[in-house]
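Here is a friendly walk through one protein model. Take a look at the picture, then follow along strand by strand.

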Amino acid sequence: MLCCVARTARLHKAVAVEGRFAVSVLSAEQKATARHFADRSRPHGWAQFATVSWVPGLHTGAPLITGALAWLECEVTEEVVAGDHSVFVGRVLEAASGSGDAALLFHRGTLRGLPDGATADAPDGRVGTA
Ligand SMILES: Cc1cc2nc3c(=O)[nH]c(=O)nc-3n(C[C@H](O)[C@H](O)[C@H](O)COP(=O)(O)O)c2cc1C
């Protein structure tokens, strides 16, 4: 698992210092949660999680967002500096999936839901299932 974090982001220091991170794969119903964590004016530290339902990961203690489609807990094995971001490579300690179907995507500047079983057009004109 890897995540690319801006070197100026608060999250960067947290991951670099702690050496572990968790990922919550948000569902189409969690647009407000995605907007909250993308908002630079949100509260700092643990206070940013006060308005969100979460549980601590068993391996990392990092917050796992309730209602997400899936969760991953990771320990950092490598940090690769790439321009103004760091690529944190993580060994997966635990992976779990929830009951939801519709994924949350950011496409053409908008958060959108991708329904389960949605079709996608391939560049060469073929049509397959996503
Ligand atoms: C759809 C979307 C995707 C994003 N992806 C990343 C990303 O991959 N890495 C990153 O560092 N910030 C990403 N951001 C920006 C962060 O959500 C956030 O605005 C920024 O890191 C906040 O920095 P802070 O933690 O210092 O407040 C993304 C924002 C949006 C809306």
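Over how many bridges do β1 and strand β6 pair, and in which sense? The two strands pair in the antiparallel sense, over five bridges. Please keep in mind that this is a predicted model. To find one place where the two strands meet, look for C3, which stands opposite F88 in β6.

**The sheet**

Now widen the view. β1 and β6 belong to an open sheet of four strands, in the order β1-β6-β5-β2, with antiparallel pairing. β1 and β2 (20–25) stand at the edges with a single partner strand each, so one side of each is left without a neighbour in the sheet. From one strand to the next, the twist averages 40°. As a general reminder, strands of a sheet pair through backbone hydrogen bonds, and they may do this in a parallel or an antiparallel way.

The table lists the pairs in this sheet.

| Strand pair | Sense | Bridges |
|---|---|---|
| β1 and β6 | antiparallel | five bridges |
| β5 and β6 | antiparallel | twelve bridges |
| β2 and β5 | antiparallel | six bridges |

Some residue partners help you trace these pairs. R20 has E75 in β5 as its bridge partner, while E78 stands opposite V89 in β6. E78 itself has its place in strand β5. Is E78 buried or exposed? E78 is exposed, because 11 other C-beta atoms lie within 10 Å, and 12 or fewer is the cut-off for that word. E78 and G90 are also worth a look: twelve residues separate them in sequence, and their C-alpha atoms are 7.2 Å apart in space.

β5 and β6 are joined as a hairpin with two residues between them, and G83 in the turn has a positive phi of about 60°. Across β1, β2, β5 (70–82) and β6 lies the helix α1, which runs at about 130° to β1.

**The core**

Which residues touch the most other members of the largest nonpolar core? In this core of 14 residues, they are F21, A22, V23, A68, W71 and L72. β2, β4 (63–65) and β5 are the elements that give two or more residues to this core. V23 makes a good example: leaving out residues up to four places away in sequence, V23 touches M1, C3, W71 and L72. In soluble globular proteins, nonpolar side chains tend to be buried together.

**Around the ligand**

What surrounds the ligand? The residues are C4, V5, A6, A9, R10, L11, F37, A38, R40 and F106. By type, eight of the shell residues are nonpolar, two are charged and none is polar. β1 (2–6), α1 (10–18) and α2 (31–38) supply at least two residues each. β1 gives the most, with three residues. So far, then, β1 has appeared as an edge strand of the sheet and as a part of the shell around the ligand.

**A loop to finish with**

Where does R108 lie? You will find R108 in the loop between β7 (103–107) and β8 (110–114). R108 has a positive phi of about 50°, although this residue is not a glycine. R108 is exposed, because 6 other C-beta atoms lie within 10 Å.

Key. Residues are numbered from 1 along each chain as its sequence is written. This is a predicted model: local features need pLDDT of at least 70, side-chain atom pairs count only at pLDDT 80 or more; totals for chains, interfaces and linings use all residues. A residue is near a molecule or strand if its C-beta atom, placed from the backbone, lies within 6 Å of it. Ala, Val, Leu, Ile, Met, Phe, Trp, Tyr, Cys and Pro count as nonpolar, Asp, Glu, Lys and Arg as charged, and the others, Gly among them, as polar. Two strands pair if DSSP finds at least two bridges between them. Axes are lines fitted to C-alpha atoms, for helices over the stretch in contact, and angles run from 0 to 180 degrees between N-to-C directions. Two residues are in contact if their C-beta atoms, placed from the backbone, lie within 7 Å. A residue is buried if 20 or more other C-beta atoms lie within 10 Å of its own, exposed if 12 or fewer, and partly exposed in between; C-beta atoms are placed from the backbone. A nonpolar core is a set of buried Ala, Val, Leu, Ile, Met, Phe, Trp, Tyr and Cys residues joined through C-beta atoms within 7 Å.
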